[in-house]
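This report describes helix packing and nonpolar cores in a single model. The sequence and structure are shown first, and the description follows.

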Amino acid sequence: MRQLGANWFIEGHIDFEYKKYILLSYLQEINSHFDNSRLYPNLADLIFHYNNLIDFKTNKSLLQQAFPQRLSQADIDAVKLTYQKIITDDQSMQEIEHIITYALGKIDPAIKTGRDIYDFVERHVNIDPVGIIPLMPYHGYFSLHNGKESTNRIYEYQITIFEGKDDKYRGINISFVDTYEQSIANTPESIKLHLINRNKFIPNPAVYYVHSDITFPLEQTLLPVAKRSLVKFISNAA
């Protein structure tokens, strides 16, 4: 995927037409991925850049918290040096504000498109508990079936809880376990028994059958949506 640097709008030559070309080239590739229902990392990248621009617009002192996600200290120092050079140049600042306003207007509808695709995929993802689910279902397995594909993928998952600024959040870590061909013999229930026999350290694991009725790109779309949907499903059930 074409990368857009975190500081793309203020680094190098500050010229509206030049920055517009860079942005539109980036968005053209993003939209081509969306046209093929490939969501990640495209949607997350768009949201990062949108928030980055908003942070700059509302906090022109460029403190470190304005770029919390991907900038190293070296990046932050470089941004501050760039900012010091342009802050006294009213014309440059006006050009940057012009670039930001334009970019926000272009990135916002692209994010909406990505979220519409996400919602569509989420509506076609179903989650069924397999057998008896333990009282603490935060560690277990899920079997993922992608539309018309006959091969199912098994993942071990562990849900983590971490503190945010104002609330607690849940994340999920997964690791690939195995694949199996769906058949009369290989049902989600029989696979659960196989997993229990395979790993004696989890005598009664939580197991979920996650399946979509439409085939989606696995790594870029279905798996990320399935992970978030599973976290939501388990959290609501718990």
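## Faces of helix α5

On the other side of α5 from its buried residues, L193 and N197 are exposed (over 50% relative accessible area, 1.4 Å probe, protein chains only). P188, I191, K192 and L195 of this helix (residues 188-198) are buried (under 20%). These four lie on the same side of α5 because they cover an arc of only 105° around the axis, taken from the directions from the helix axis to the C-beta atoms. Helices are DSSP runs (H or I, at least four residues) and strands likewise (E, at least two), numbered from the N terminus.

The model is predicted: local features need pLDDT of at least 70 and side-chain atom pairs pLDDT 80 or more, whereas totals for chains, interfaces and linings use all residues. Residues are numbered from 1 along each chain as its sequence is written, and side-chain values use heavy atoms, without hydrogens and water.

## Nonpolar cores

A nonpolar core is a set of buried Ala, Val, Leu, Ile, Met, Phe, Trp, Tyr and Cys residues joined through side-chain atoms within 4.5 Å. The largest one has 51 residues, of which F9, L23, L46, F142, L144, Y157 and Y208 touch the most other members. Among the elements that each supply at least two residues are α1, α2, β3 (151-163) and α6 (218-237); α4 gives the most, with 13 residues. A second, separate core of 10 residues includes Y141, Y180, I191 and L195.

## Packing of α1 and α2

The axes of α1 (residues 16-35) and α2 (residues 42-58) come within 10 Å and cross at roughly 145°, with axes fitted to C-alpha atoms over the stretch in contact and angles running from 0 to 180 degrees between N-to-C directions. Contact (heavy atoms within 4.5 Å) involves Y26, L27, I30, H33 and F34 of α1 and N42, L43, D45, L46 and H49 of α2.
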